[in-house]
Amino acid sequence: VVEEHVLTCFKANPPFIDDDEVKNWLMDTVLEAHQIVKRMANMQEDTKGMGTTVAICVVSGNDAFLCHVGDSRIYLYDEEEITQMTKDHTLVNELIERGAITKEEGKNHRQKNVLMQAIGVEMDIVPSIQKVELNGKNILICSDGLFNSLEDQKILEEQANEHGGRDNIAAVLIEGGR
């Protein structure tokens with residue numbers, strides 16, 4: 001539902017004039033998706049409380065506009081390194097940023113799947129949006145099923161399902177231009 005909404009809105013939108021227009025479109029589209037999923041979730045008893053994550057990338061020349069809610073991630077990578085560009089909207093990540101636990105402790109924390117923001121749940125969300133320069137780097141958008149199975153450096157070398165991936169894995173690779 002979220003993917004369909006984003007793609008439909010993107011196809012219907014005229015070309016963006018400037019950076020602010022891209023960022024406003026991302027914000028509006030994600031907030032609309034949030035309301036749509038929330039209404040759908042409340043239609044039936046067994047779907048109440050249903051939520052999801054979203055990660056979107058809009059590429060314009062050398063620039064990429066990144067937007068996410070939840071713990072789906074966006075990475076930039078080349079032959080030498082991979083860099084996580086998004087910050088997970090999770091309880092554990094908030095604890096790490098406050099210094100309450102270490103990053104290493106967060107990897108096996110019993111509440112590591114608790115989201116502080118998600119699409120469609122009964123809460124206000126604030127999508128994270130940023131602009132980055134690609135400079136020839138590639139983009140990887142992926143769900144937690146991938147990065148919970150592998151360390152960053154192994155993500156591009158191995159197949160997550162062969163390393164005990166226990167969650168659904170979704171990933172999109174976008175090759176950067178030079």
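Two residues are taken to be in contact when heavy atoms of each lie within 4.5 Å. On that criterion, and with neighbours up to four places away in sequence set aside, Q111 is in contact with L91 and V92. The structure discussed here is a predicted model.

**Overall description**

The protein has 6 helices and 7 strands. Read from the N terminus, these elements follow the order α-α-β-β-β-β-α-α-β-β-α-α-β. Of the 178 residues in the protein, 39% are buried. The exposed surface of the protein amounts to about 10,800 Å², and carbon and sulfur atoms supply 47% of that area. Among contacts between residues at least 6 apart in sequence, 62% join residues at least 24 apart.

The mean pLDDT of the protein is 87, with 84% of the residues at 70 or more. Confidence is highest in strand β5 (residues 128-133), at a mean of 98, and lowest in helix α5 (residues 144-147), at 67. Where pLDDT is low, predicted coordinates should not be read in detail.

**The helix pair α1 and α2**

The axes of α1 and α2 come within 10 Å and cross at roughly 140°. The crossing in which α1 passes α2 is right-handed. On the α1 side, the residues that meet α2 are V2, H5, V6, C9 and F10. Their counterparts in α2 are W25, T29, E32, A33, I36 and V37.

**The nonpolar cores**

The largest nonpolar core contains 17 residues, of which V2, L26, V30, V54, I56, V58 and I119 touch the most other members. Two or more residues of this core come from each of α1 (2-12), α2 (19-41), β1 (54-60) and β2 (63-69). Helix α2 provides the largest share, 6 residues.

Two of the residues named above show how the core is connected. I56 touches V6, L26, V30, F65, L66, C67 and I74, residues up to four places away in sequence not being counted. Apart from this largest core lies another one, of 10 residues, including A55, V132, L134 and I139.

The second residue is V54, which is found in strand β1. Is V54 buried or exposed? Its relative accessible area is 8%, and V54 is therefore buried, the limit being under 20%. With residues up to four places away in sequence again left out, V54 touches V2, V30, C67, H68, V69 and I119. One of these partners, I119, is 65 residues from V54 along the chain, yet the C-alpha atoms of the two are separated by 7.3 Å.

**Helix α3 and the loop after α4**

Helix α3 (residues 91-98) has L91, V92, N93 and L95 as its buried residues. These buried residues pack against α4 (103-107). After α3 comes G99, which has a positive phi, near 85°.

The loop between α4 and β5 holds Q111, and R110 lies in that loop as well. Q111 is partly exposed, with a relative accessible area of 29%, whereas R110 is exposed, at 77%. Both contacts listed for Q111 at the outset, L91 and V92, are among the buried residues of α3. R110 and V92 are 18 residues apart in sequence, with 9.2 Å between their C-alpha atoms. For Q111 and L91, the separation is 20 residues in sequence and 7.3 Å in space, C-alpha to C-alpha.

The C-alpha separations described in this report are collected below.

| Residue pair | Separation in sequence | C-alpha to C-alpha distance |
|---|---|---|
| V54 and I119 | 65 residues | 7.3 Å |
| Q111 and L91 | 20 residues | 7.3 Å |
| R110 and V92 | 18 residues | 9.2 Å |

**Backbone at N135**

N135 lies in the loop between β5 and β6 (138-142). Most residues other than glycine have a negative phi. N135 is not a glycine, although its phi is positive, at about 50°. Is N135 buried or exposed? With a relative accessible area of 53%, N135 is exposed, because the value is over 50%.

Technical notes: Residues are numbered from 1 along each chain as its sequence is written. This is a predicted model: local features need pLDDT of at least 70, side-chain atom pairs count only at pLDDT 80 or more; totals for chains, interfaces and linings use all residues. Side-chain values use heavy atoms; hydrogens and water are left out. Buried means under 20% relative accessible area, exposed over 50%, partly exposed in between (1.4 Å probe, protein chains only). Helices (H or I, at least four residues) and strands (E, at least two) are DSSP runs, numbered from the N terminus. A nonpolar core is a set of buried Ala, Val, Leu, Ile, Met, Phe, Trp, Tyr and Cys residues joined through side-chain atoms within 4.5 Å. pLDDT is the predictor's confidence in each residue, from 0 to 100. Accessible areas come from the Shrake-Rupley method with a 1.4 Å probe; for residues, only the protein chains shown count as cover. Axes are lines fitted to C-alpha atoms, for helices over the stretch in contact, and angles run from 0 to 180 degrees between N-to-C directions. A crossing is left-handed if the near helix is turned anticlockwise from the far one by less than a right angle, and right-handed if clockwise.
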